[in-house]
Amino acid sequence: MSKLIQLSGAALAYAGGPDVLQGVNLSISAQERVALIGPNGCGKSSLLRLIHGLKPPTSGLRQAREGLRPAMLFQRPHMLNTTARRHVALGPWLAGASWPQALQRADQALQQVGLAHIARQSARTLSGGQQQRVAMARVWSLRPDMVLLDEPTSSLDPRAKQELEQMLSRWMDAKDAPALVFASHNLGQVKRLATRVVYIEAGVIHADLPVQDFFQGPLERTHPLAHQFVRGETA
């Protein structure tokens, strides 16, 4: 698999404060599915921003493949005061597509997430689950190489969570699927969607393992902090 991102000894601080991430060594390859887990405030969201390039490292290196197209979906995406179709189309238009091309991509993306029927409805009047799927359609319309998701289902009801997971699974199973990097507290979701698990605590990566090794390996002996977190989450 070709490498998309390489972080080497990367640290991140905000406005001259202490490091929220330190000594991060991490690579993301094409079509990988990487879950970021850890306690609240551990640095998962900051690491997503660092991987994406929204925040440059305050020290260390971030190297990205030339022409990389990342796209990020936040926990509570902001909906513009316009139709769902135009909201989605704005992404590819800002990325350089003509407005007719952008609208065509928006129609395709809304069809992909099962929301073609609400294309001309105001995005702000949609349910939380529908808004998250519209946001996902906007990500899909950008045709990214790498998708980054920050707790994408934490504010959704169980049915909406299941629908979004199923949609992600179909997308990630496609032949031309992008890499997926997502932060989650839902260990069941991590098992269902990820092929690799990165455990973070206090801004430091303490484990980086294939998903099967993380949940079925000798974690207590090899990665005790990760083991304590998993044991607490499943207790």
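The following exercises, with worked solutions, concern the pockets, cores, aromatic pairs and backbone angles of a predicted model.

Residues are numbered from 1 along each chain as its sequence is written, and side-chain values use heavy atoms, with hydrogens and water left out. Local features need pLDDT of at least 70 and side-chain atom pairs count only at pLDDT 80 or more, whereas totals for chains, interfaces and linings use all residues.

**Exercise 1. Describe the largest pocket and the second largest pocket by volume and lining.**

Step 1. Fix the terms. On a 1 Å grid over the protein atoms alone, a pocket is an open set of points with protein on both sides within 12 Å along at least five of seven lines, and a lining residue has an atom within 4 Å of a point. Grid points are joined across faces, edges and corners, and a volume is the space filled by probe spheres set on the points.

Step 2. The largest pocket has a volume of about 370 Å³. Its lining comprises 17 residues, and Met72, Phe74, Arg138, Val139 and Leu142 lie nearest the centre. Two or more lining residues come from each of β5 (70-73), α2 (84-94) and α4 (128-141); helices (H or I, at least four residues) and strands (E, at least two) are DSSP runs numbered from the N terminus.

Step 3. Classify the lining. Ala, Val, Leu, Ile, Met, Phe, Trp, Tyr, Cys and Pro count as nonpolar, Asp, Glu, Lys and Arg as charged, and the others, Gly among them, as polar. For the largest pocket this gives twelve nonpolar, four polar and one charged residues.

Step 4. The second largest pocket has a volume of about 280 Å³. Of its 17 lining residues, Arg143, Pro144, Asp176, Ala177 and Pro178 are the closest to the centre. Its lining divides into nine nonpolar, two polar and six charged residues.

**Exercise 2. Characterise the largest cavity.**

Step 1. A cavity is a set of grid points where a 1.4 Å probe fits but cannot get out. The search of the whole structure finds one cavity of 30 Å³ or more, and the largest cavity has a volume of about 30 Å³.

Step 2. Gln112, Val113, Met136, Trp140, Met167 and Trp171 line the largest cavity. Helices α4 and α5 each give two or more of these residues. By class, five are nonpolar, one is polar and none is charged.

**Exercise 3. Identify the residues that touch the most other members of the largest nonpolar core.**

Step 1. A nonpolar core is a set of buried Ala, Val, Leu, Ile, Met, Phe, Trp, Tyr and Cys residues joined through side-chain atoms within 4.5 Å. Buried means under 20% relative accessible area, exposed over 50%, and partly exposed in between (1.4 Å probe, protein chains only).

Step 2. The largest core has 49 residues, among which Ile37, Val134, Met136, Leu149, Phe182 and Phe214 touch the most other members. Helix α5 (residues 158-173) supplies the largest share, six residues. A second, separate core of 26 residues includes Ile28, Leu48, Leu148 and Ala179.

Step 3. Take Leu149 as an instance. Apart from neighbours within four places in sequence, Leu149 is in contact (heavy atoms within 4.5 Å) with residues including Leu48, Met136, Leu168 and Phe182.

**Exercise 4. Classify the aromatic pairs Tyr199–Phe229 and Phe214–Phe215.**

Step 1. Rings of Phe, Tyr and Trp (its six-membered ring) pair if their centres lie within 6.5 Å; planes under 30 degrees apart count as stacked, over 60 as edge-to-face and the rest as tilted. The structure holds three such pairs.

Step 2. The ring centres of Tyr199 and Phe229 are 5.3 Å apart and their planes stand at 50 degrees, so this pair is tilted. Because Tyr199 belongs to strand β8 (residues 196-201) and Phe229 to helix α9 (residues 224-234), the pair ties together parts 30 residues apart in sequence. Both Tyr199 and Phe229 are buried.

Step 3. Phe214 and Phe215 are 5.1 Å centre to centre with 80 degrees between the planes, an edge-to-face pair. Phe214 is buried at 2% relative accessible area, whereas Phe215 is partly exposed at 22%.

**Exercise 5. Determine where Glu151 and Ala202 lie, and whether each is buried or exposed.**

Step 1. Most residues other than glycine have a negative phi. Glu151 has a positive phi of about 50 degrees, and Ala202 has one of about 55 degrees.

Step 2. Glu151 is in the loop between β6 (146-150) and α5, and is buried at 11% relative accessibility.

Step 3. Ala202 lies in the loop between β8 and β9 (204-210), and is exposed at 57% relative accessibility.
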